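Colleague: I am new to this structure and would like a short tour. Could you show it to me first?

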Amino acid sequence: MSATIQSIEAILVDIPTIRPHKLAMTTMGVQTMVIVRVKDSDGLEGLGEATTIGGLAYGPESPESVKLTIDTYFRPQLIGQPVDAINTLRVRLNRATRGNNLAKSAIETALLDLQGKRLNCPVSDLFGGAVHQHIPVLWTLASGDTARDIEEALGLIETRRHCDFKLKIGSRALMDDVRHVAAIKDAVGESASVRVDVNQAWDESTAARGMAELQAAGIDLVEQPTPMKDHAALVRLSQKFHLPILADEAVADASDMYNLAAAGFSGAVALKIAKAGGPAQALKQAAVAQAAGIGLYGGTLLEGTIGTVAALHAWSTLETLHWGTEMFGPLLMKDDIVDKPLSFHDNGVELPQGPGLGVTLNEDKLAEYSRKDK
Ligand SMILES: O=C(O)C[C@H]1C=CC(=O)O1
Ligand SMILES: [Mn+2]
(Lines give C-alpha, C1' and ligand atoms only; values in the text may rest on other atoms or scores of the structure.)
(Ligands and ions follow the chains in the order given, each with its own letter.)
Protein backbone atom coordinates (compact mmCIF):
# COMPACT_ATOMS: atom_id res chain seq x y z
CA MET A 1 0.00 0.00 0.00
CA SER A 2 1.68 3.26 -1.06
CA ALA A 3 1.70 6.33 1.09
CA THR A 4 -1.21 8.76 0.83
CA ILE A 5 -1.40 12.55 0.75
CA GLN A 6 -1.97 13.77 4.31
CA SER A 7 -1.83 17.57 3.99
CA ILE A 8 -1.49 20.33 1.41
CA GLU A 9 -0.55 23.87 2.40
CA ALA A 10 -0.36 26.91 0.05
CA ILE A 11 1.60 29.83 1.54
CA LEU A 12 1.80 33.37 0.10
CA VAL A 13 5.36 34.65 0.33
CA ASP A 14 6.32 38.24 -0.57
CA ILE A 15 9.98 39.13 -1.28
CA PRO A 16 11.13 42.58 -2.50
CA THR A 17 12.97 42.73 -5.83
CA ILE A 18 16.55 44.08 -6.02
CA ARG A 19 15.25 46.95 -8.19
CA PRO A 20 12.00 47.90 -9.94
CA HIS A 21 11.34 45.43 -12.78
CA LYS A 22 9.53 47.33 -15.56
CA LEU A 23 7.57 45.39 -18.16
CA ALA A 24 5.19 46.70 -20.84
CA MET A 25 2.12 46.02 -18.67
CA THR A 26 3.37 46.59 -15.12
CA THR A 27 6.33 47.50 -12.90
CA MET A 28 7.01 45.13 -10.03
CA GLY A 29 8.84 45.89 -6.79
CA VAL A 30 7.86 42.72 -4.92
CA GLN A 31 7.55 39.13 -6.11
CA THR A 32 4.81 36.99 -4.54
CA MET A 33 5.39 33.24 -4.53
CA VAL A 34 2.79 30.62 -3.64
CA ILE A 35 4.82 27.96 -1.84
CA VAL A 36 3.08 24.57 -1.75
CA ARG A 37 3.94 21.94 0.90
CA VAL A 38 2.51 18.45 0.33
CA LYS A 39 3.06 15.94 3.16
CA ASP A 40 2.49 12.19 2.85
CA SER A 41 1.60 9.49 5.39
CA ASP A 42 5.28 8.47 5.63
CA GLY A 43 6.12 11.97 6.87
CA LEU A 44 7.90 13.03 3.65
CA GLU A 45 7.27 16.48 2.19
CA GLY A 46 7.19 17.68 -1.42
CA LEU A 47 7.64 21.36 -2.33
CA GLY A 48 6.08 23.29 -5.21
CA GLU A 49 5.78 26.93 -6.25
CA ALA A 50 3.59 29.11 -8.41
CA THR A 51 4.35 32.72 -9.34
CA THR A 52 3.14 35.21 -11.90
CA ILE A 53 3.89 38.90 -12.52
CA GLY A 54 2.10 41.92 -11.09
CA GLY A 55 -0.98 40.19 -9.69
CA LEU A 56 -3.27 39.74 -12.70
CA ALA A 57 -1.15 41.89 -15.05
CA TYR A 58 0.48 38.95 -16.88
CA GLY A 59 -2.22 36.29 -16.97
CA PRO A 60 -5.58 35.11 -15.63
CA GLU A 61 -4.29 33.66 -12.34
CA SER A 62 -3.00 35.72 -9.39
CA PRO A 63 -1.06 34.43 -6.37
CA GLU A 64 -4.19 34.86 -4.28
CA SER A 65 -6.34 32.95 -6.80
CA VAL A 66 -3.75 30.14 -6.89
CA LYS A 67 -3.95 29.83 -3.09
CA LEU A 68 -7.75 29.85 -3.14
CA THR A 69 -7.83 27.26 -5.96
CA ILE A 70 -5.52 24.91 -4.07
CA ASP A 71 -7.19 25.38 -0.67
CA THR A 72 -10.78 25.22 -1.88
CA TYR A 73 -10.81 23.05 -5.02
CA PHE A 74 -7.62 20.96 -5.26
CA ARG A 75 -7.27 19.84 -1.62
CA PRO A 76 -10.57 17.83 -1.54
CA GLN A 77 -9.48 16.03 -4.73
CA LEU A 78 -6.05 15.09 -3.40
CA ILE A 79 -6.14 14.46 0.37
CA GLY A 80 -6.06 10.71 1.09
CA GLN A 81 -5.04 9.80 -2.48
CA PRO A 82 -1.94 7.62 -3.20
CA VAL A 83 0.96 10.05 -3.40
CA ASP A 84 2.90 8.27 -6.16
CA ALA A 85 0.04 8.13 -8.69
CA ILE A 86 1.03 11.46 -10.29
CA ASN A 87 -0.66 10.84 -13.67
CA THR A 88 -3.82 9.54 -12.01
CA LEU A 89 -3.93 12.59 -9.74
CA ARG A 90 -3.52 14.91 -12.75
CA VAL A 91 -6.40 13.16 -14.54
CA ARG A 92 -8.48 13.51 -11.36
CA LEU A 93 -7.66 17.22 -11.01
CA ASN A 94 -8.29 17.95 -14.69
CA ARG A 95 -11.69 16.21 -14.54
CA ALA A 96 -12.72 18.25 -11.49
CA THR A 97 -11.12 21.62 -12.34
CA ARG A 98 -10.64 23.65 -15.54
CA GLY A 99 -7.52 25.61 -16.38
CA ASN A 100 -5.61 27.07 -13.40
CA ASN A 101 -2.31 25.78 -14.77
CA LEU A 102 -0.19 27.85 -12.38
CA ALA A 103 -1.85 26.10 -9.43
CA LYS A 104 -1.59 22.73 -11.20
CA SER A 105 2.10 23.35 -11.89
CA ALA A 106 2.79 23.92 -8.18
CA ILE A 107 0.99 20.67 -7.28
CA GLU A 108 2.74 18.65 -10.01
CA THR A 109 6.09 20.03 -8.85
CA ALA A 110 5.41 19.07 -5.22
CA LEU A 111 4.34 15.54 -6.26
CA LEU A 112 7.49 15.16 -8.39
CA ASP A 113 9.66 16.38 -5.49
CA LEU A 114 7.97 13.83 -3.23
CA GLN A 115 8.38 11.05 -5.81
CA GLY A 116 12.08 11.81 -6.14
CA LYS A 117 12.51 11.74 -2.38
CA ARG A 118 10.58 8.43 -2.10
CA LEU A 119 12.71 6.87 -4.88
CA ASN A 120 15.88 8.65 -3.72
CA CYS A 121 16.55 10.15 -7.17
CA PRO A 122 16.57 13.68 -8.65
CA VAL A 123 13.39 14.89 -10.40
CA SER A 124 15.31 14.95 -13.71
CA ASP A 125 15.71 11.15 -13.40
CA LEU A 126 11.90 10.86 -13.38
CA PHE A 127 12.07 12.36 -16.93
CA GLY A 128 14.81 9.98 -18.12
CA GLY A 129 17.80 11.81 -16.66
CA ALA A 130 19.67 15.09 -17.14
CA VAL A 131 21.59 15.55 -20.40
CA HIS A 132 23.07 18.81 -19.08
CA GLN A 133 24.13 19.72 -15.51
CA HIS A 134 25.02 23.37 -16.26
CA ILE A 135 22.22 25.33 -17.92
CA PRO A 136 22.75 28.72 -19.69
CA VAL A 137 20.84 31.64 -18.11
CA LEU A 138 20.39 35.13 -19.59
CA TRP A 139 19.44 38.27 -17.65
CA THR A 140 16.53 40.64 -18.24
CA LEU A 141 17.41 44.35 -18.26
CA ALA A 142 14.26 46.15 -17.11
CA SER A 143 15.19 49.07 -14.85
CA GLY A 144 13.39 51.45 -17.21
CA ASP A 145 16.57 53.53 -17.66
CA THR A 146 18.96 52.95 -20.58
CA ALA A 147 22.14 54.08 -18.78
CA ARG A 148 21.33 51.96 -15.73
CA ASP A 149 20.60 48.93 -17.93
CA ILE A 150 23.95 49.38 -19.70
CA GLU A 151 25.82 49.64 -16.38
CA GLU A 152 24.01 46.53 -15.10
CA ALA A 153 24.79 44.55 -18.26
CA LEU A 154 28.49 45.45 -18.34
CA GLY A 155 28.83 44.47 -14.68
CA LEU A 156 27.21 41.09 -15.29
CA ILE A 157 29.43 40.45 -18.32
CA GLU A 158 32.48 41.40 -16.23
CA THR A 159 31.61 38.90 -13.49
CA ARG A 160 30.66 36.27 -16.12
CA ARG A 161 27.26 35.85 -14.48
CA HIS A 162 25.49 36.48 -17.78
CA CYS A 163 26.57 37.03 -21.38
CA ASP A 164 23.15 37.29 -23.03
CA PHE A 165 20.35 39.77 -22.30
CA LYS A 166 16.62 40.28 -22.81
CA LEU A 167 15.23 43.81 -22.77
CA LYS A 168 11.68 44.66 -21.77
CA ILE A 169 10.08 47.09 -24.25
CA GLY A 170 6.58 48.08 -25.36
CA SER A 171 5.71 50.83 -22.88
CA ARG A 172 7.50 53.65 -24.78
CA ALA A 173 6.86 55.10 -28.24
CA LEU A 174 8.26 52.69 -30.82
CA MET A 175 11.33 54.68 -31.85
CA ASP A 176 12.16 55.48 -28.21
CA ASP A 177 12.20 51.73 -27.59
CA VAL A 178 14.34 51.16 -30.70
CA ARG A 179 16.84 53.79 -29.58
CA HIS A 180 16.93 52.25 -26.07
CA VAL A 181 17.63 48.79 -27.48
CA ALA A 182 20.19 49.99 -30.06
CA ALA A 183 22.13 51.86 -27.36
CA ILE A 184 22.34 48.73 -25.20
CA LYS A 185 23.30 46.50 -28.13
CA ASP A 186 26.01 49.04 -29.00
CA ALA A 187 27.32 49.03 -25.45
CA VAL A 188 27.46 45.24 -24.93
CA GLY A 189 28.83 44.53 -28.44
CA GLU A 190 28.65 41.65 -30.88
CA SER A 191 29.57 38.88 -28.40
CA ALA A 192 26.43 39.39 -26.32
CA SER A 193 23.09 38.18 -27.66
CA VAL A 194 20.42 40.87 -27.15
CA ARG A 195 16.73 39.99 -27.45
CA VAL A 196 13.55 41.92 -26.63
CA ASP A 197 10.22 41.02 -25.00
CA VAL A 198 7.29 43.25 -26.00
CA ASN A 199 4.77 41.39 -23.80
CA GLN A 200 1.96 41.73 -26.38
CA ALA A 201 2.13 45.54 -26.43
CA TRP A 202 2.21 46.14 -30.23
CA ASP A 203 -0.48 45.81 -32.88
CA GLU A 204 0.57 43.99 -36.05
CA SER A 205 1.55 47.06 -38.09
CA THR A 206 3.60 48.50 -35.21
CA ALA A 207 5.22 45.08 -34.82
CA ALA A 208 6.12 44.99 -38.53
CA ARG A 209 7.81 48.38 -38.24
CA GLY A 210 9.40 47.51 -34.92
CA MET A 211 10.82 44.22 -36.19
CA ALA A 212 12.34 45.91 -39.24
CA GLU A 213 14.04 48.46 -36.96
CA LEU A 214 15.19 45.81 -34.44
CA GLN A 215 16.51 43.56 -37.22
CA ALA A 216 18.60 46.50 -38.45
CA ALA A 217 19.82 47.14 -34.88
CA GLY A 218 21.24 43.59 -34.66
CA ILE A 219 18.68 42.14 -32.22
CA ASP A 220 18.52 38.33 -32.21
CA LEU A 221 14.93 37.51 -31.14
CA VAL A 222 11.60 39.34 -30.60
CA GLU A 223 9.37 37.85 -27.91
CA GLN A 224 5.55 38.05 -28.10
CA PRO A 225 5.32 41.29 -30.08
CA THR A 226 1.50 41.10 -30.51
CA PRO A 227 -1.53 40.00 -28.43
CA MET A 228 -1.54 36.37 -27.33
CA LYS A 229 -4.77 35.29 -29.04
CA ASP A 230 -3.75 36.62 -32.46
CA HIS A 231 -1.91 33.53 -33.74
CA ALA A 232 -2.40 34.68 -37.36
CA ALA A 233 -0.38 37.86 -36.71
CA LEU A 234 2.50 35.82 -35.26
CA VAL A 235 2.40 33.56 -38.32
CA ARG A 236 2.44 36.49 -40.78
CA LEU A 237 5.23 38.30 -38.89
CA SER A 238 7.30 35.10 -38.63
CA GLN A 239 7.09 34.72 -42.41
CA LYS A 240 7.92 38.39 -43.10
CA PHE A 241 11.27 38.69 -41.27
CA HIS A 242 14.36 36.51 -40.80
CA LEU A 243 14.56 38.00 -37.27
CA PRO A 244 12.95 35.11 -35.33
CA ILE A 245 9.94 35.48 -33.03
CA LEU A 246 9.70 33.84 -29.60
CA ALA A 247 6.09 32.92 -28.81
CA ASP A 248 5.35 33.30 -25.09
CA GLU A 249 1.86 34.27 -23.87
CA ALA A 250 0.43 32.87 -27.13
CA VAL A 251 1.49 29.35 -26.17
CA ALA A 252 0.67 27.86 -22.77
CA ASP A 253 0.65 24.11 -23.37
CA ALA A 254 1.14 21.37 -25.97
CA SER A 255 -2.18 21.97 -27.72
CA ASP A 256 -1.45 25.70 -28.13
CA MET A 257 1.96 24.72 -29.51
CA TYR A 258 0.38 22.33 -32.02
CA ASN A 259 -2.19 24.93 -33.13
CA LEU A 260 0.41 27.69 -33.64
CA ALA A 261 2.76 25.35 -35.53
CA ALA A 262 -0.09 23.96 -37.63
CA ALA A 263 -1.03 27.55 -38.56
CA GLY A 264 2.43 27.96 -40.11
CA PHE A 265 4.45 29.66 -37.34
CA SER A 266 8.22 29.35 -37.52
CA GLY A 267 10.54 30.59 -34.79
CA ALA A 268 10.84 29.64 -31.14
CA VAL A 269 8.70 29.08 -28.06
CA ALA A 270 9.19 30.01 -24.38
CA LEU A 271 8.50 26.86 -22.34
CA LYS A 272 7.18 27.71 -18.85
CA ILE A 273 6.16 25.11 -16.27
CA ALA A 274 3.56 27.56 -14.91
CA LYS A 275 1.79 28.08 -18.25
CA ALA A 276 1.90 24.36 -19.14
CA GLY A 277 0.61 23.09 -15.77
CA GLY A 278 3.85 21.56 -14.53
CA PRO A 279 7.34 20.38 -15.55
CA ALA A 280 6.08 17.14 -17.14
CA GLN A 281 3.46 19.09 -19.12
CA ALA A 282 6.07 21.58 -20.35
CA LEU A 283 8.14 18.68 -21.70
CA LYS A 284 5.12 17.43 -23.67
CA GLN A 285 4.90 20.93 -25.21
CA ALA A 286 8.64 20.79 -25.97
CA ALA A 287 8.13 17.53 -27.89
CA VAL A 288 5.46 19.14 -30.08
CA ALA A 289 7.74 22.14 -30.73
CA GLN A 290 10.67 19.88 -31.60
CA ALA A 291 8.49 17.88 -34.02
CA ALA A 292 7.49 21.14 -35.70
CA GLY A 293 11.08 22.43 -35.93
CA ILE A 294 10.35 25.27 -33.49
CA GLY A 295 13.26 26.38 -31.30
CA LEU A 296 13.17 25.89 -27.51
CA TYR A 297 13.79 28.43 -24.75
CA GLY A 298 13.51 27.78 -21.03
CA GLY A 299 11.17 30.51 -19.81
CA THR A 300 10.41 31.84 -16.35
CA LEU A 301 7.51 33.52 -14.60
CA LEU A 302 10.09 34.92 -12.17
CA GLU A 303 9.83 31.95 -9.84
CA GLY A 304 11.99 31.72 -6.74
CA THR A 305 14.43 28.84 -6.19
CA ILE A 306 11.82 26.07 -5.81
CA GLY A 307 9.96 26.86 -9.05
CA THR A 308 13.18 27.67 -10.88
CA VAL A 309 14.75 24.33 -9.89
CA ALA A 310 11.59 22.48 -10.95
CA ALA A 311 11.95 24.02 -14.41
CA LEU A 312 15.71 23.35 -14.50
CA HIS A 313 15.15 19.63 -13.83
CA ALA A 314 12.88 19.55 -16.89
CA TRP A 315 15.08 21.74 -19.14
CA SER A 316 18.17 19.66 -18.16
CA THR A 317 16.67 16.65 -19.99
CA LEU A 318 16.36 18.52 -23.31
CA GLU A 319 19.24 17.86 -25.73
CA THR A 320 19.02 21.35 -27.28
CA LEU A 321 17.74 24.60 -25.83
CA HIS A 322 18.34 26.65 -29.00
CA TRP A 323 17.92 29.96 -27.12
CA GLY A 324 19.10 28.93 -23.64
CA THR A 325 17.00 29.96 -20.63
CA GLU A 326 16.04 32.91 -18.43
CA MET A 327 15.96 31.02 -15.14
CA PHE A 328 17.24 34.03 -13.13
CA GLY A 329 14.18 34.55 -10.90
CA PRO A 330 15.98 34.02 -7.55
CA LEU A 331 18.56 36.67 -8.56
CA LEU A 332 15.84 39.30 -8.98
CA MET A 333 14.75 38.90 -5.34
CA LYS A 334 16.50 40.47 -2.37
CA ASP A 335 16.42 37.25 -0.34
CA ASP A 336 15.62 33.53 -0.57
CA ILE A 337 13.60 31.01 1.45
CA VAL A 338 15.80 27.96 0.79
CA ASP A 339 18.83 26.79 2.78
CA LYS A 340 21.26 26.62 -0.16
CA PRO A 341 20.72 29.11 -3.02
CA LEU A 342 21.40 28.05 -6.62
CA SER A 343 24.96 28.35 -7.93
CA PHE A 344 24.95 30.84 -10.83
CA HIS A 345 28.35 31.03 -12.62
CA ASP A 346 29.87 30.96 -16.12
CA ASN A 347 26.77 32.50 -17.69
CA GLY A 348 24.52 29.77 -16.35
CA VAL A 349 23.40 27.77 -13.34
CA GLU A 350 24.19 24.34 -11.86
CA LEU A 351 21.39 21.79 -11.53
CA PRO A 352 21.14 20.96 -7.79
CA GLN A 353 22.02 17.37 -6.84
CA GLY A 354 20.14 15.23 -4.32
CA PRO A 355 16.76 13.50 -4.18
CA GLY A 356 13.70 15.28 -5.56
CA LEU A 357 14.26 18.92 -6.44
CA GLY A 358 17.43 18.97 -4.32
CA VAL A 359 16.38 22.04 -2.28
CA THR A 360 15.27 22.45 1.34
CA LEU A 361 13.24 25.27 2.88
CA ASN A 362 14.75 27.65 5.42
CA GLU A 363 11.85 27.76 7.92
CA ASP A 364 12.98 31.05 9.50
CA LYS A 365 13.17 32.84 6.14
CA LEU A 366 9.85 31.31 5.10
CA ALA A 367 8.26 32.66 8.29
CA GLU A 368 9.91 36.07 7.81
CA TYR A 369 8.49 36.58 4.31
CA SER A 370 5.16 34.71 4.61
CA ARG A 371 2.21 37.06 4.19
CA LYS A 372 0.72 37.78 7.61
CA ASP A 373 -3.07 37.52 7.61
CA LYS A 374 -4.32 41.04 8.04
O1 LIG B 1 8.74 36.54 -20.30
C2 LIG B 1 8.06 37.23 -19.56
O3 LIG B 1 7.34 38.09 -19.99
C4 LIG B 1 8.03 36.97 -18.06
C5 LIG B 1 9.32 37.15 -17.40
C6 LIG B 1 10.51 36.52 -18.01
C7 LIG B 1 11.54 37.34 -17.77
C8 LIG B 1 11.05 38.56 -17.28
O9 LIG B 1 11.71 39.55 -16.93
O10 LIG B 1 9.70 38.52 -17.23
MN1 LIG C 1 7.79 36.91 -22.19
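Modeller: The following turns discuss the ligand and then one residue. This is a predicted model, in which local features need pLDDT of at least 70, side-chain atom pairs count only at pLDDT 80 or more, and totals for chains, interfaces and linings use all residues. Residues are numbered from 1 along each chain as its sequence is written, chains are lettered from A and ligands numbered from 1 in the order in which they are written, and side-chain values use heavy atoms, leaving out hydrogens and water.

Colleague: Which residues are closest to ligand 1?

Modeller: Ligand 1 is surrounded by 16 residues, the closest being H21, K166, K168, D197 and N199; a residue counts here if one of its heavy atoms lies within 4 Å of the ligand.

Colleague: How far is the polar side-chain atom of K168 from an oxygen atom of ligand 1?

Modeller: That distance is 2.8 Å for K168, and N199 also has a polar side-chain atom 2.8 Å from an oxygen atom of the ligand. The protein covers 100% of the 280 Å² of accessible area that ligand 1 has on its own, by the Shrake-Rupley method with a 1.4 Å probe.

Colleague: Changing topic, where does P136 lie?

Modeller: P136 belongs to strand β4, residues 134–136; strands are DSSP runs (E, at least two residues), numbered from the N terminus.

Colleague: And what does P136 touch?

Modeller: Leaving aside residues up to four places away in sequence, P136 touches G324, T325, N347 and G348, where contact means heavy atoms within 4.5 Å. P136 and G298 are 162 residues apart in sequence, yet 9.4 Å apart in space, C-alpha to C-alpha.

Terms used
Helix = DSSP H or I, 4+ residues; strand = E, 2+ residues; numbered from the N terminus. Polar contact = N/O pair within 3.5 Å; in protein donor to acceptor, adjacent residues only side chain to side chain.
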